[in-house]
Amino acid sequence: WISRVVSQAVPLFAHPSEDETPSSERRPCAEHAQRQRTNEPPVRFKWAKDITADVGALLSTHSMGVADFTRLDQVISNFLNNAKKFTQTGSVQLRFEVRRPTEAEEEERRGWEEEETLQGD
């Protein structure tokens, strides 16, 4: 899933000089032309993946995760599109952190479950 998300994000930040289109077929976008006139460096995309050792071991034997990946895709896509739109210089970094929840996070989650159950009655 992470690889798929990153492969979809990279083209958002690609610049005409970085793609594989032959120079005779390239049409610079207005944004790229503006950056060239002002000598602004292009916005760079960086990403990182941090999977804790205990989760890595768990995933090696149980490769299935439980999440709403459709919603996660949508949220990450919105973040990246906004970052692309509003970042003029520098870089945009997407970092995936896969870890077990802390005890405090587990307690908070249990509180949400109890609240939802009470409201649902």
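At 46% relative accessibility, R100 counts as partly exposed. In this predicted model, R100 pairs with D54 in a salt bridge whose closest N and O atoms are 3.1 Å apart. That contact belongs to a set of nine salt bridges in the structure. The points below take up the pair itself, further charged pairs, and the surroundings of Q88.

**The D54–R100 pair**

- D54 is a residue of helix α3, which covers residues 53-61, whereas R100 sits in the loop between β2 (91-98) and α5 (103-120), so the salt bridge ties together parts that are 46 residues apart in sequence.
- D54 has a relative accessible area of 38% and is therefore classed as partly exposed, since that class lies between the limits of 20% for buried and 50% for exposed.
- R100, the partner of D54, falls into the partly exposed class with its value of 46%.

**A pair within helix α5**

- E107 and R110 form a salt bridge, with 2.6 Å between the closest N and O atoms.
- Both E107 and R110 belong to helix α5, where they are three residues apart, about one turn of the helix.
- E107 is partly exposed at 45% relative accessibility, and R110 is partly exposed with a relative accessible area of 31%.

**A network of salt bridges**

- D50, R95, E97, R99 and E105 are joined into one network by salt bridges that share partners.
- Among the contacts of R95 is a salt bridge to the side chain of E97, with an N to O distance of 3.7 Å.
- This distance satisfies the criterion for a salt bridge, because the cut-off is a nitrogen within 4 Å of a carboxyl oxygen.
- R95 has a relative accessible area of 48%, which places R95 in the partly exposed class.
- E97, at 44%, is likewise partly exposed.

**The surroundings of Q88**

- Q88 is located in the loop between α4, which spans residues 69-86, and strand β2.
- The relative accessibility of Q88 is 48%, so this residue counts as partly exposed.
- The C-alpha atom of Q88 is separated by 6.7 Å from that of V43, although the two residues are 45 residues apart along the chain.

Note on methods. Residues numbered from 1 in each chain as written. Predicted model: local features only at pLDDT ≥ 70, side-chain atom pairs only at ≥ 80, totals over all residues. Heavy atoms only, no water. Helix = DSSP H or I, 4+ residues; strand = E, 2+ residues; numbered from the N terminus. Buried < 20%, exposed > 50% of the residue type's maximum accessible area, 1.4 Å probe, protein only.
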